[in-house]
Amino acid sequence: MEDDRETLPDEELMLRLKDGEADCFKELVMRHQRSVINTAFRVTGNHQEAEEVAQEVFLRIYRAAPGYRPDAKFSTYLYRVTLNLSLNQVRKARAVLSRFFSGEQGFNEELVIGEVADRLPDTPLISLEKKEVKKAVRKAIRSLPKRQRVAIILSQYEGLSYQEISELLHCSHKAVERLIHRGKIQLKEELASYIQKK
Amino acid sequence: MECREIRKRLSAYLDGELKQGEWERVANHVTSCSNCGRELRALQETCSLL
């Protein structure tokens, strides 16, 4: 019984958790902990807060299990909870909000844009430029208005469709398209010098 | 006028979010309009940095 948990879809794990199989919760945490922390981190900009948000996310998932119905994909549900709690965290913490927009005090560049490094070729020749690009991308993303930034992150980093983003942000598909396009136009302008270098 | 409308759709075009008819309209336009083609490439390069 225990062995097959790794192969079960998330929705089945939630249904088994609902029926009292507490170990299914461990499997869900192991499966999604990293992505939840990453998403929370991109929104809050603070690793400790991202971990606290992740704990709260899984606590809510656990508490919600008795009433769980597999109406939607579990991953969409998980993103919605993570995003809402992350945004709440940002709203509550004025200091975090200030840091996110102004780029001051304790913002960990390496972690924020860590994925950029993974996607660029890792040769010594371009290591300096990689750092520079990472820094510029972080700054450019941070300069976007909040909803544009969230839409861009969910689309470009999390791989969500416009439809999934529209459900998370409670807006139309067309509104998501506008948010993402405006965000990309601004990023294009902010990163123009790096585009010309290529 | 067409360029303006097409440019609004370029991100969705790159993200594979357009329906087939819309996709074809944008694809045909960017191959024949050098300005919009250039804008498309700039957006592509921007996304490649993210």
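In this predicted model, helix α10(A) is followed by His170(A), whose phi is positive, near 55°. Helices here are DSSP runs of H or I with at least four residues, strands are E runs of at least two, and both are numbered from the N terminus.

Residues are numbered from 1 along each chain as its sequence is written, and chains are lettered from A, ligands numbered from 1, in the order in which they are written. Local features need pLDDT of at least 70, side-chain atom pairs count only at pLDDT 80 or more, and totals for chains, interfaces and linings use all residues.

**The two chains**

Both chains are described below, with "buried" meaning 20 or more other C-beta atoms within 10 Å of a residue's own, "exposed" 12 or fewer, and "partly exposed" in between; C-beta atoms are placed from the backbone.

| Chain | Residues | Helices | Strands | Buried |
|---|---|---|---|---|
| Chain A | 198 residues | 12 helices | zero strands | 31% |
| Chain B | 50 residues | four helices | zero strands | 24% |

From the N terminus on, chain B runs α-α-α-α. Its mean pLDDT is 91, and 98% of its residues reach 70 or more. That score is the predictor's confidence in each residue, from 0 to 100. For the complex, the predictor gives an ipTM of 0.92 and a pTM of 0.56.

In chain A, take the contacts with a separation of 6 or more: 60% of them join residues 24 or more positions apart. A contact means that two C-beta atoms, placed from the backbone, lie within 7 Å.

**Helix α10 and the core**

Helix α10 of chain A spans residues 162-169, and Tyr162(A), Glu164(A), Ile165(A) and Leu168(A) are buried there. They sit on the same side of α10(A), because they cover an arc of only 160° around the axis. The arc is that of the directions from the helix axis to the C-beta atoms.

Ile165(A) also belongs to the largest nonpolar core, which has 39 residues. Such a core is a set of buried Ala, Val, Leu, Ile, Met, Phe, Trp, Tyr and Cys residues joined through C-beta atoms within 7 Å. Which members touch the most others? They are Ala40(A), Ala151(A), Leu154(A) and Ile165(A). The elements giving two or more residues to this core are α1 (10-18), α2 (23-44), α3 (47-64), α4 (74-92), α8, α9, α10 and α11 of chain A. The most come from α2(A), with six residues. Domain 1 (1-103) and domain 2 (108-198) of chain A each provide at least three residues. Those bounds come from an automatic or database domain assignment.

Beyond its neighbours within four places in sequence, Ile165(A) is in contact with Ala151(A), Leu154(A), Ser155(A), Leu160(A) and Val176(A). Apart from the largest core lies another, of eight residues, among them Ile6(B), Ala12(B), Tyr13(B) and Val30(B).

**Where the chains meet**

The contact takes 15 residues from chain A and 12 residues from chain B. On the chain A side, α8 (127-142), α9 (146-157), α11 (173-190) and α12 (192-197) each supply at least two residues. Helix α11(A) gives the most, six residues. This side divides into eight nonpolar, three polar and four charged residues. Here Ala, Val, Leu, Ile, Met, Phe, Trp, Tyr, Cys and Pro count as nonpolar, Asp, Glu, Lys and Arg as charged, and the others, Gly among them, as polar.

**A loop residue**

Ala72(A) lies in the loop between α3 and α4 of chain A. Is Ala72(A) buried or exposed? Ala72(A) is exposed, because 12 other C-beta atoms lie within 10 Å. Ala72(A) and Glu11(A) are 61 residues apart in sequence and 8.9 Å apart in space, C-alpha to C-alpha.
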